[in-house]
Every structure is written in C-alpha cells, then in structure tokens.
Amino acid sequence: MPSRTWDWEITELSGRLELEVAADGTPLNPLVPVDLDMWRDSGPTAVTAAAEVITAALPVTVGLLSGPRSPELLPLLDAVSVTVTDAPATPRRRVISRNPPGRDIVPVGDLLGEGSLDSAVGRLREAVERSPRAAIACGRLVRQTAALDTTGGLAAEASAYSMLLGGPEFRRWRDSRGEPRRIDPGPEPVLIDRSADRLVITLNVPERRNAFSTAVREALLEALTLAETDPSVKSVELRGAGPSFCSGGDLEEFGLASDLVAAYLVRMARAPWRVIDRIAPKVTVRAHGACVGAGTEMTAYAGRVVAEPGAFFQLPEVGMGLVPGAGGSVSVTRRVGRHRAAWLMLTGDRLPADTALAWGLVDEIGPA
C-alpha cells in the first residue's frame with residue numbers, strides 16, 4: 001500500500017485518540033478500539049509511528065487481534081492498554097512459570113468462554129463508561145508501574161488513589177451505600193503462631209470475611225515486621241480464617257479520609273505489602289474463597305501462592321471510582337503482565353483459580 005495511505009491512517013488514528021472532555025470534565029471517549037491486524041503489511045516505519053501515537057493517547061486503548069501474534073505487530077501490542085484476541089484460551093498447566101508466554105494478550109476464551117472480540121470490547125466499554133475517570137487513571141497507572149521499581153510504583157498508585165478519593169465517581173459509589181457502620185474488628189484481628197523457624201500469620205475477622213480494615217492492616221504490618229526483623233524466622237505463611245482469605249478493603253471505612261494528602265502518606269508508610277515484597281522468597285500465601293481487592297493485591301507479592309480450587313481473584317476498585325490501592329498495580333502487573341492486569345482492573349471480572357494458575361497469578365492449586 002502506498003506510504004501516503006498509511007500517513008492518512010496514522011492521522012485518522014491520532015484524531016480518534018484525542019481525548020474529548022465535557023465541560024464538567026467527564027471523558028466522552030474514554031475507550032478507543034484499535035484494529036491491530038490492519039497494520040500487518042504496513043511496514044516497520046508505519047507501525048512505529050502508529051505505536052507512538054497510541055502510547056501517547058489518554059483514552060484506554062483496546063487492541064483487537066484476530067490473527068497470529070506476529071513479530072511485526074509487537075510495537076503495537078506494547079503501545080495499547082490491553083490487547084484482546086479470539087485465539088484459543090491459555091493452556092492449563094500443572095506447573096506454571098512466573099512469566100508464562102503471551103502475557104501481552106488476553107484470550108477472549110479465558111474469561112468470556114465462547115465470546116468474540118466484539119463481546120470483549122463490549123465488556124470493556126461497559127466497565128470503562130461506568131467510571132471513565134478512574135478507568136483512564138488506571139490505564140495510565142499500569143503503564144507507569146510496569147516500568148517502575150516497587151517504591152516508585154506504589155507512590156504512583158497512592159497518588160492516583162488519593163486523587164480519585166476526591167472525585168465524583170467515588171462519591172457516587174459511596175453515596176449509594178448510605179452511612180457507614182461502626183464495625184468492631186475484635187481483639188485479635190491477626191493471629192501469630194510461631195513454631196521453630198516457621199511463622200504462621202492468620203487474618204482473623206472471619207465474620208467480615210477478613211475485610212482489610214485499619215485494625216487488620218496495623219496488626220498485619222506488625223506481624224510481618226516481626227518476620228522481617230527476626231533472622232530466625234525462615235518461612236512465613238499467610239492465611240485467612242473463615243470462608244475467605246480476604247474480601248478486600250473494609251467498605252465501612254471507605255471514604256472516611258478528609259485529608260487526601262495524609263491518606264497518600266499513610267498508604268505509603270503503613271503498607272504491609274511493602275514488607276511482603278522485601279521478604280517475598282520466604283512468604284507463602286494460602287488463598288481460599290474470595291480474594292478480592294487487597295486479598296488479590298498483597299497475595300501477588302508473595303514468593304509462592306497456593307490457591308484452593310474454589311478460590312477466585314478480583315479487583316473491583318475501578319467500578320467504585322478508584323484504582324487498586326493495596327499495591328496491586330505493581331504486584332499483579334508483575335505476575336500476569338500489563339495487559340492482563342489492565343483487563344482485571346478495568347472490568348472487575350472474577351478470575352477463577354485455574355485461570356489464575358495459567359496466567360501466573362498463583363503458583364499452585366492445592367488444599368489450604
């Protein structure tokens with residue numbers, strides 16, 4: 001095809017990717033599909049130019065791939081927010097490597113069964129248009145954290161999270177819940193059991209499905225700090241009491257922060273997942289039941305994750321007008337890749353244990 005035709009295509013693509021914003025700041029085109037197959041024969045110069053335009057775009061970009069994942073398209077796969085393909089589902093394995101192949105694509109069959117590319121775009125569009133501000137912030141955040149170290153990634157995440165706490169999408173979600181209730185986490189929100197050089201830490205608010213409250217956070221941080229500072233502790237096991245490992249942040253505490261700068265600082269300074277990251281080689285998480293929000297995010301930092309067959313993983317924060325706030329933009333992205341992390345965060349879809357194993361979010365399926 002003549003080069004001037006591709007010049008026109010790149011100009012047209014650039015125009016579609018310009019973010020349109022209403023007078024009140026609402027994004028009008030928060031998600032833009034990009035047909036990747038059409039660029040197969042365009043040549044490296046055109047592909048590079050198109051990739052640069054896509055990388056700079058503010059809307060969430062979803063790449064559509066119906067043909068093979070071929071080398072000439074890799075710059076475009078690296079540029080879009082998430083790539084969906086109608087290729088066969090990810091093979092299930094008994095043994096999983098930490099970096100399984102194909103992390104830059106999301107096979108539609110993994111999460112939508114017999115779904116098509118159109119149904120995948122529809123699923124993303126539905127989720128993104130529900131919380132367009134948070135979705136755009138999430139798309140940009142995951143691009144950042146994929147290239148940053150842990151501290152830099154957590155700082156970027158805490159900034160985005162704290163900003164969105166003051167936004168209208170989170171306010172709408174919070175108002176829909178009514179007045180928060182005062183919840184007593186009990187005298188021992190976290191249990192510690194020491195046996196020789198092994199430390200077992202158990203989240204212990206089973207009646208709340210181990211919702212991650214301030215009390216749980218502080219007790220868990222104390223327990224993990226013990227594991228980090230005591231050289232005689234050689235292995236750490238993190239579990240949850242009751243029907244679920246952790247159902248995510250305690251919803252009765254959401255939105256109570258009045259000082260968003262303080263919320264940012266607390267999120268950085270009092271983060272148990274930072275400790276898990278530092279001692280990851282000796283940490284095993286035993287995941288069962290619901291692993292939602294923080295229950296997925298901090299789990300992904302562990303050196304080894306064993307999930308019961310009925311466990312599921314979920315990141316619902318964008319639907320609440322937020323982004324993950326327990327380090328998930330760093331930990332989940334490292335384990336499953338930026339594209340699959342973006343799908344999970346943008347849609348809030350549940351990831352069953354067998355798919356979590358195939359994607360590398362967990363390392364083994366077995367009894368907790």
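# Close-up views of a predicted model

**View 1. Salt bridges across the chain.** The structure holds 22 salt bridges. They are taken from a predicted model. Side chains of opposite charge can pair when their charged atoms come close. The next three views each show one such pair.

**View 2. Arginine 123 meets aspartate 349 in a salt bridge.** The closest N and O atoms of arginine 123 and aspartate 349 are 2.8 Å apart. Arginine 123 sits in helix α5, residues 117–130. Aspartate 349 sits in the loop between α14 (338–347) and β12 (351–352). The two parts are 226 residues apart in sequence, so the pair ties them together. Are these partners buried or exposed? Both arginine 123 and aspartate 349 are buried.

**View 3. Arginine 270 pairs with glutamate 218.** The N to O distance in this salt bridge is 2.5 Å. Arginine 270 belongs to the loop between α10 and α11 (272–278). Glutamate 218 belongs to helix α9. These parts lie 52 residues apart in sequence, and the pair ties them together. Arginine 270 has 35% relative accessibility, so it counts as partly exposed. Glutamate 218 is also partly exposed, with a relative accessible area of 25%.

**View 4. Glutamate 228 and arginine 278 join two helices.** Their side chains meet in a salt bridge, 2.7 Å from N to O. Glutamate 228 is in helix α9, and arginine 278 is in helix α11. The partners are 50 residues apart, and the pair links distant parts of the chain. Glutamate 228 counts as partly exposed, at 29% relative accessibility. Arginine 278 counts as partly exposed too, at 46%.

**View 5. Four residues form one salt-bridge network.** The members are Arg123, Glu126, Arg130 and Asp349. Salt bridges that share partners join them. Two members return from an earlier view: arginine 123 and aspartate 349, whose closest N and O atoms are 2.8 Å apart.

**View 6. The largest pocket holds about 820 Å³ of space.** Which residues come closest to its centre? They are Tyr161, Phe212, Gly249, Phe254 and Arg267, out of 37 lining residues. By class, the lining has 18 nonpolar, eight polar and eleven charged residues. Several helices supply at least two lining residues each: α7 (150–165), α8 (168–177), α9 (214–229), α10 (260–269) and α12 (294–297). Which helix gives the most to the lining? That is α10, with four residues.

**View 7. Cysteines without a disulfide.** A disulfide is a covalent bond between the sulfur atoms of two cysteines. How many disulfides does a search of the whole structure find? The search finds zero. For cysteine 138, the nearest cysteine sulfur is that of cysteine 246, 19 Å away. Cysteine 138 is in no disulfide. Cysteine 138 has 1% relative accessibility, so it counts as buried. Why is cysteine 291 not bonded to cysteine 246? Their sulfurs are 8.0 Å apart, which is too far for a bond; the cut-off for a disulfide is 2.5 Å. The sulfur of cysteine 246 is the closest cysteine sulfur to that of cysteine 291. Cysteine 291 counts as buried because its relative accessibility is 0%.

**View 8. Two loop residues have a positive phi without being glycine.** Alanine 196 has a phi of about 55°. Its place is the loop between β5 (190–195) and β6 (198–203). Alanine 196 has a relative accessible area of 63%, so it is exposed. Arginine 209 has a phi of about 50°. Arginine 209 lies in the loop between β6 and α9. With 43% relative accessibility, arginine 209 counts as partly exposed.

**View 9. The whole chain, for orientation.** The protein chain has 15 helices and 13 strands. Its C-alpha trace spans about 70 × 50 × 35 Å along the principal axes. The radius of gyration is 21 Å. A compact globule of 368 residues would have a value near 21 Å, so the two agree. Of the 368 residues, 54% count as buried. Cysteine 138, at 1% relative accessibility, is one of the buried residues. Cysteine 291, at 0%, is another.

Key:
Residues numbered from 1 in each chain as written. Predicted model: local features only at pLDDT ≥ 70, side-chain atom pairs only at ≥ 80, totals over all residues. Heavy atoms only, no water. Buried < 20%, exposed > 50% of the residue type's maximum accessible area, 1.4 Å probe, protein only. 1 Å grid on protein atoms, 1.4 Å probe; cavity = no way out; pocket = protein on both sides within 12 Å on 5 of 7 lines; lining within 4 Å. Points joined across faces, edges and corners; volume = space filled by probe spheres on them. Nonpolar A, V, L, I, M, F, W, Y, C, P; charged D, E, K, R; others polar. Rg over C-alpha atoms; globule rule 2.2 N^0.38 Å.
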